[in-house]
Amino acid sequence: MPIGDLAPEIAVLFTAVATLLFAMFAPRRLHVVGAIIALSGLTVAGVLLADQLGRTGTTFSGTFAIDGVGVWARFLILVATGVCVMISPGWFATDRRHGEVYAVFLLSAVGAMALAGAAALMQLVVAVLLSSVTGYPLAAYHRGWAISVEAGMKYFLIGALANAVLVTGVVFVTGMAGVTGYEPLANAFADGLIASPLLVAGLAMVAVGIAYKLGAAPAHTWVPDVAEGAPVPSAAFLTVVPKIGAAVAFARLVTAVPPDALALRPLVATIAAVTMTIGNLAALRQQDVRRLLGWSSVSQAGYVLMAVVVIDLDTGAPTALVAMLGAYTVGNIAAFAVVADLRGRTALSDYSGLAARRPLDAAVLALAFLSLVGIPPTVGFFGKFAVFEVTIAGGYGWLALVAATNTVVSLIYYARVLSPMVFDASTNGAVAQLDKMTWAAAVATGSAIIALGLTAGLLLDQLADISLL
């Protein structure tokens, strides 16, 4: 039954409605129960999603794909959303709209899940719009903070432009190809579809629209502003969850275009190289840890795109894409969980001597940064190793070389935080009161970085046969 194929998304949607209704009538002191409702719904959705493991096919007239990459990406979205919900109660406790934020998280997660399964251009547009329209209020949730409102406005303005470009590109592609589904589009190329200028321009514009959700060039400038200005749980969510869906959506678009038909893959490879280079170079001069994490997130989008470039040129690319997304998810959210546990302290000086004041937070942050660089035995090493391997095997050795250079550069700005954190005896920055749920989220993600790294070989073997329609 087609409706059952969307059971995980429907479960999240119903949970969002239930959470919103609860927040409308419950007193503010009970709004924390909204987090419990949200986590329960995400768990149910995860159970329903597990039933789709091993399935391959499309549903709803070919507009939604169910395959290995899509299922695992949607699972990552559920897990990442759950961790962001966990770090929210302590952060939003004094916000009078505390309970409503969980509903917005869940609705935005539905948009990201729709992105991961989009098998048609119109489905892609709907998913991007749902993910975007719920992301704007998350970025500007603290209306009393000028920096939060500014972050939300920048996110909205860049999103409005990028989404307009996306929709225009979809119109061009649909008009020239006569189809909206990716499978019919691939068949049209096989039947001799002529690569007209409008078709080429349309695909390039769709790529730019997806790059916005991924936080990749040329629509990447919202990422550091949101990372710095949005509430920390929102920043963690917006720099991870939409990216997961967008990366898979990008991969589906690339597979719809034969390698010899258009220059889409070289375009994506160029976007990947430019994105990681801009992100790393900009991060070098940051004095704000949250803004540094934002530019780091931009650079990580470039590494993710390496697997997208060769998604159908090497059999291991789908596995590498999921591995890199998983490694990035756990590493980035772990870093933001530590920032949340420190009540958003974000100046570099606040992290000096952190290892002495908060050894556990310091350990989690160190693991997160080492994983984002790709140092063994963290899970980030295996994620990056996988994408480097398939990129070279797919014939894009130059891109792997650019990525390797950028990885070395990234060591510099991560070390700017880690070195004084461990070796400086400064006591700058008061130690905030611990929030138990936020602390638990930080410990869980930090532990996952090592646990997944130590079991990466087994996990990669389990993911070896996953496919992307």
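**Reading cis bonds and positive phi**

Colleague: I am new here, and I would like to begin with one proline. Where is the place of Pro-377?

Modeller: Happy to help! Pro-377 lies in the loop that joins α18 (359–373) to α19 (379–393). Keep in mind that this is a predicted model.

Colleague: How do I read the peptide bond there? Is the bond from Pro-376 to Pro-377 cis or trans?

Modeller: The general idea comes first: most peptide bonds are trans. In this case, the bond from Pro-376 to Pro-377 is cis, with omega near 5°.

Colleague: And what about the bond from Ala-217 to Pro-218?

Modeller: That bond, running from Ala-217 to Pro-218, is cis too, with omega near 5°. You will find Pro-218 in the loop between α10 (197–214) and α11 (222–229).

Colleague: Now to phi. Is phi of Phe-60 positive or negative?

Modeller: As a general guide, most residues other than glycine have a negative phi. Phe-60 is not a glycine, yet its phi is positive, near 50°. Look for Phe-60 in the loop between β1 (57–59) and β2 (64–66).

Colleague: What is the phi of Ser-61?

Modeller: Ser-61 has a positive phi, near 60°, and is likewise a residue other than glycine. Ser-61 also belongs to the loop between β1 and β2.

Colleague: Why does Phe-60 count as partly exposed?

Modeller: Partly exposed covers values between the cut-offs of 20% and 50%. Phe-60 counts as partly exposed because its relative accessibility is 35%.

Colleague: Is Ser-61 buried or exposed?

Modeller: The relative accessible area of Ser-61 is 81%, so Ser-61 is exposed.

Technical notes:
Residues numbered from 1 in each chain as written. Predicted model: local features only at pLDDT ≥ 70, side-chain atom pairs only at ≥ 80, totals over all residues. Heavy atoms only, no water. Helix = DSSP H or I, 4+ residues; strand = E, 2+ residues; numbered from the N terminus. Buried < 20%, exposed > 50% of the residue type's maximum accessible area, 1.4 Å probe, protein only.
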